[in-house]
Amino acid sequence: MKHQLTDIFKNGLFRTTAGLALGVAMSANAFAQTAERPEATTTNSSDEIIVTGIRATTENALNNKRRADVILDGISADDLGNFPDLNLGEALQRITGVQIDRESARRTATISVRGLPGNFTKTTLMGQNISNPNLRGSNPFGVFDSAIFNGVDVEKSFTAQSLSGGLAANVNLKLKSALDRRDGSLVLRAKGEYEELPQKLNPGIYASGAKHFNDGKLGVFGTVSYSKQDFRRDAINFTRYERNARNLNVAGETHLYVGDIRQFVEESIGDRLSGAAGIEYQPNDNLSFRIDGLFSQRNLDEATQDNIQIQPRLSASQITSVSGPELVGNFDFDRNGTNEDVFLHRVIDFEDPQVVWGNRDDESLNETYALYPQLDWENDKFKVNITGTYSKSESATIFNQFDTRILQTGGATSTSGASNGVTGTLDTGGGDIRNFVFDLNVPADTLRLDGGGYAITSGTGLSAIRFEDGRRHQFTVAGFAQGAERDLKAISGDVEYKFSKGPFVGLKFGGRYEDEAADVYRFENSIIGLNINNLDNSVIVPNASLTSGQGFFNGTAPGFLEDQFFSIDRDRARALLLPLLPTDTIFPRSIRASDGRLSNFIDFVDLPNPYTEFNQSLQNARNGSDARRNFAIDRTFTAQRKNTELFGMVKYDFSENYDTFPVRGNFGLRYVNTDLSGLAEGFTEPGAGSYEEFLPSANIIADLKEDIVFQAAYYKTFEAFNLAEFRPTAATISPAIPNPSATDPENRAGTLRIDESNLGTDPRSSEAFDVGLAWYNRPGSIIGINFFTKEVIDIARQSTGGSNSPFCNAGFVDQVLDNPDAAAQIGSATPFIDSAGNCRLDTGGRMGPRLNLSQFTNTDPIRVNGIEFQVTQNTDFLDGFWGNFGGTFNYTRTTSESGEGFVLPRVSKNTYNLIGYYETDKFSVRLAQNYRSAYDLEAGGSFQGRERQVRARSQLDLSATYNPRKDLQFKVQAFNLNNSLREEFEGFEVLGRRTDYDGRTYTFSVQKRF
C-alpha cells in the first residue's frame, strides 16, 4: 500500500530544487571544457581550501576548528560530496563527544552529545533553524543524504549570537554558497548499496554542479541525490520477566522466568530524495545577495513488521523449570524496599500459552524543506546581515496491525490443567543469544480462522473479535496513524561595528523573530465495521520477510523459532475485511447488556480514520464534550510558538595591538522570550505558557605558542518546548467504566485515568563551563584535551502512578478538579493505596475505581561532567611508503550526578573512535572502529527504575577508493564488518531483554568529475 500522506511535488519545491540542480549540471558540463580545474591545494575566492581525500578533509576540519571563536569539532566533505560513512549520523559519531543511537530499526540516526540525550541537541542549517522532520525528539540525520552537505560543525560552546536551544550542542549543517563553489564543476555518481540481511541491492544516483556568470558576480549551484531504501532488522525480545509461577514459588525468594517472548522481522522499504540549490549575486565587493534551498524526504511506504509473540505468563500454573534456578544476585527486584535473592530459570517448559502471529504495515514519512534568503553588506566600519527562514516539515507514521491469536485456557492460577494444546520450551541463552533455543508445538487444528461466528465482546474491546462457539481464538485489527506538520518562519538581522584601535575589535548586536506552528494528530484504528466473518485460513502464510533474503539472524541465533514463525498476508486480509460495512450493520452481532464498557465507550456510528482504511476507536462524553474522539485525545492538537530574541556581543583581540598578549574572544548576552499556545481537538479553551531567559556567554582563545591554543568558555542556553511534545490541555480524563463481569470485586469499578498537562513544568535550561588545550603539532594534526561541566535545570519527566503511585494523594487530585469530568468522577472520594499497592478512590466501601495518574514534573538539576581527548596525526614527514599513513583516536568520558538518582537515557559513559588510513594519489583505504560502553534506556516515561540497559558495542567499518585519473573514482565500503549485535538487558546481562541483528552493508560507487 503506497503512502498517501504527502505529495513530493507539493508547492513545486522539489521541481524547483531538482530542476535547478539538473539545469546547473547541464550548464556546468557545457562550460567544463574551458573551466580551470584547481588542484587540491588551490584556494577559491573565499580562501577556502578545495579538498579531496581523507588527509585533506581532515586538515580542512582542523583548520575550521582552530579558526572558530567557539569550542567546536566538525567533519568536512570533499569537493565531490563524500563522507566516508553510511549516513550523516554515522559520520557524526566520529566526532569527539558524539554517540549515535541505534534504537530505531529505521536507521533514523539520531545522536547524543556530551552526556545528554538526542533531544538536547539543536540542528541548524547555515546557522539558521530548520523544521524538524521528526514527530518527537531530535533531528533524524538518516533522513538526509549526507552528500548534499559540505560539512558539519558540532558547536559545543556558544556566543551571544548562537541560536538558543542546544543544551548539549548545536549541530550546524553547512552549504557552500554558489560563488564559493568551483566554477564549472560537475560531479556525477552512481551507487549501489547491498544489504546483506534482506539480500537487496539499492541503487542510487548523485549529481552536483556549479557555474559562475557575469565575470564571477553571479553564481548558481545545484545538488540532487536519490537512493532506494531496503534494509532489515531481526529482533528477539524478552518483553518481561515474571516472578513466582506456581511451580517455581519458593517462600522468601524471587524466582524469575520469561513471561513474554517475541521474534520480530522489521523491513524498511522505500526511497530517499535529497537536494539543495542556490543562487548568489555579488554586484560589488560590499554587497551580496544569496538564496539557498534544501529538500529532503525519506518515504518508507512499504515498510513492514512481522512478529510472533508467546506469553507463558498467562498460564503461569503450567510452567516447569528444566534448568533449575540460577542465582542472579541479591537486589530489590519488586521495589518493596527489601533486597532478596533473585534466581533465573533460564530453561522452562510451558503449556497453554497465548500465541500471537502478526504483521503490520509500518509506513513512515519524514520530509523537510527550507529556503534562506540572505543579504550581506559591509564597508570598513560596518557589517550588516539580514537572513530570512521559511521551512516546513512533515512526519507521519501509519501502523496497521493484523494479529491472529490462540488464547490461553487454564489461566494463571488455574489448577485444572486445562490447555489450548500449545506447548513449548525456551532457553533464554543466559544473556548470550547464540545459546538461545525456542521450540513451539501448535496442534494442526488449533489455528483456524474460517467458519465465521465472530463477535465483539467487552473482553476484546474495539480492536479484536473472537469466536462465540467456544474456540479459543481471536483476530485483531488495530494500529494508528500519527504525525505532525510544522511551519516555521523567521527573520533575523545583525549589525557589527569594527573598532580601529584598542583590544575591542567589534561590537555586534541584533535580533530574531520566529513563528513556528504545528498540527499534531493521532488516530487509532478499530475493527468496527469490518467484514470479520469473511476471514479464513488463507491469510496465514509463512513469514513474509523470511521467504526472501537470509534466514532469521543469519545463523547468529541458531535456536530461533522457525517452523511456527507464521505471518499474516495483509493484502489478503484487506480483501476479505473491506469494504467497510454500512452504518446500520456496523456490528455483526448485537452488543450484549453485560458489555457495558463498549456501550459507554462508543457511539454506534462509523467514523473513518482519515489516514487509513479503517474506522477509528471512539470515545465520547470525555472532558465535558459530546464530540467523538479517538483515544489519543491529548495527541491531537494545534500549537504555536513565537520567539523574540535579542543579543549584544563584544569581540576582542589583544594580538592586533599587543603582540605579546595573543588573546582573543567574545562576551555577550542573549535575551529570549517565548510565547507558547495550543488547542486540543474538541476543546474550546487553549493552553498557553510564556517563558523568558537571559543567556550570558564568554569565550577566550589564547595562542600560547604558534601551535598551542588554549580555550575556555562559559555559557547558558535555554530550550522552549518541542511543539509536538506540548500538551495544551489542563488535564484529560478517561472515565472509569464499570466491569460487572470481573471475577475480582476490586476490578469491577474499573480504572479512572487522569493525564495532567506539561503546562505546569518549566522549559529546560543549562549553564556550562569548558576549558581545553590543543597542540597543532603539524598541518592536519592535533593533540587536544577538553574538560567540561554542565548543569541541566528543569528536565521534565512523566511519572505514572498505577501502582505505588507517588501522586496518590489529595494534593494531586486537587490539581485536576477544574476539569468537570474529573470532578464528577472523583466527587467527595479520597485516594488511598490498597492492599495490592494500587491507587484507588475510597467511596466508603473502599471498592471505588483505581486511579491511574500521570503527571509531569521538573527534576532537580543534573550535573554532567566530561573529558574529551583527541589525537589526529599523519606521517607525511616520512619518506616514501611510510609517509602515506594517518589516523585519529578520540575518547570521551561523561558522568552525571543527580540528587534524585535520575539516569539520563541513551548516554554511554565511555566512547572512543579509532581510525587509521593509508592514502596515495591513486589509492586510499580507511578502517574505523567505534565503541560505546553500556547505557540506560528510559521506560514508562521515567528516567528511573530497573528498566533496560544496552550492552557495550563496537563496530568496524571499511572504506577504500581507487582513482585511476584525477577525474574518476571507484569506491568500496563495508559497514559492521564484525557483525556486531545490539543487545539490551535488565540490570544484569544474564537477564537479556532484546537482541537486534542488522547484518552488514556494502556500497559500491563510481563517480566522474567533469
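Helix 2, residues 53–67 of this predicted model, has as its buried residues Ile54, Arg55, Thr57, Asn60, Ala61, Leu62, Asn64 and Lys65. The length of helix 2 can be checked against its residue count: at 1.5 Å a residue, its 15 residues should span 21 Å, and the C-alpha atoms at its ends are 21 Å apart, so the two values agree.

The stretch that precedes this helix calls for caution. Over residues 1–51 the pLDDT is below 50, although the model gives this stretch 104 contacts beyond near neighbours in sequence. Residues 940–945 also have pLDDT under 50, with 16 contacts beyond four places in sequence. Where pLDDT is low, the predicted coordinates should not be read in detail. For the protein chain as a whole, the mean pLDDT is 83, and 81% of the residues reach 70 or more.

The interior may be approached through its nonpolar cores. The largest of them has 58 residues, and Ile310, Leu426, Leu440 and Leu577 are those with the most contacts inside it. Strand 11, residues 254–281, supplies the largest share of this core, namely five residues. A second, separate core comprises 44 residues, among them Phe83, Ile130, Leu175 and Tyr372.

Ile310 shows which parts of the sequence meet around one residue of the largest core. Beyond four places in sequence, Ile310 is in contact with Gly259, Asp260 and Ile261, with Phe350, Pro353, Gln354 and Val355, and with Phe438, Leu440 and Leu561. Of these partners, Leu440 is itself listed among the residues with the most contacts inside the core.

Leu173 offers another view of the interior. This residue belongs to strand 7, residues 169–174, and its relative accessibility of 0% places it under the 20% limit, so Leu173 counts as buried. Apart from neighbours within four places in sequence, Leu173 is in contact with Leu88, with Thr123, Thr124, Leu125 and Met126, and with Phe141, Phe149, Gly151 and Val152. Gly127 lies 46 residues from Leu173 in sequence, while their C-alpha atoms are 7.9 Å apart.

A further buried position is found in strand 46, residues 953–965, which contains Ser959. Its relative accessibility is 7%, and Ser959 therefore counts as buried. Leaving out residues up to four places away in sequence, Ser959 touches Pro84, the residues Ser924, Val925 and Arg926, and the residues Lys971, Val972 and Gln973.

Aromatic side chains provide another set of links, with 31 aromatic pairs counted. In one of these, the ring centres of Phe881 and Tyr918 are 5.1 Å apart and the planes stand at 35 degrees, so the pair is tilted. Phe881 lies in the loop between strand 40 (862–874) and strand 41 (885–898), whereas Tyr918 lies in strand 42 (residues 910–919); the pair therefore ties together parts that are 37 residues apart in sequence. Phe881 has 44% relative accessibility and so counts as partly exposed, while Tyr918, at 15%, counts as buried. Elsewhere, ring pairs join Phe504, Tyr652, Phe654, Phe661 and Phe667 into a cluster.

Aromatic rings also meet charged side chains. Arg764 places its charged end over the ring of Phe120, at 4.0 Å from the ring centre. Arg994 lies over the face of Phe264, 5.4 Å from the centre of that ring.

Key: Residues are numbered from 1 along each chain as its sequence is written. This is a predicted model: local features need pLDDT of at least 70, side-chain atom pairs count only at pLDDT 80 or more; totals for chains, interfaces and linings use all residues. Side-chain values use heavy atoms; hydrogens and water are left out. A nonpolar core is a set of buried Ala, Val, Leu, Ile, Met, Phe, Trp, Tyr and Cys residues joined through side-chain atoms within 4.5 Å. Buried means under 20% relative accessible area, exposed over 50%, partly exposed in between (1.4 Å probe, protein chains only). Helices (H or I, at least four residues) and strands (E, at least two) are DSSP runs, numbered from the N terminus. Contact means heavy atoms within 4.5 Å. Rings of Phe, Tyr and Trp (its six-membered ring) pair if their centres lie within 6.5 Å; planes under 30 degrees apart count as stacked, over 60 as edge-to-face and the rest as tilted. A charge sits over a ring if NZ of Lys or CZ of Arg is within 6 Å of the ring centre and within 35 degrees of the ring normal. The expected span of a helix is 1.5 Å times one less than its number of residues. pLDDT is the predictor's confidence in each residue, from 0 to 100.
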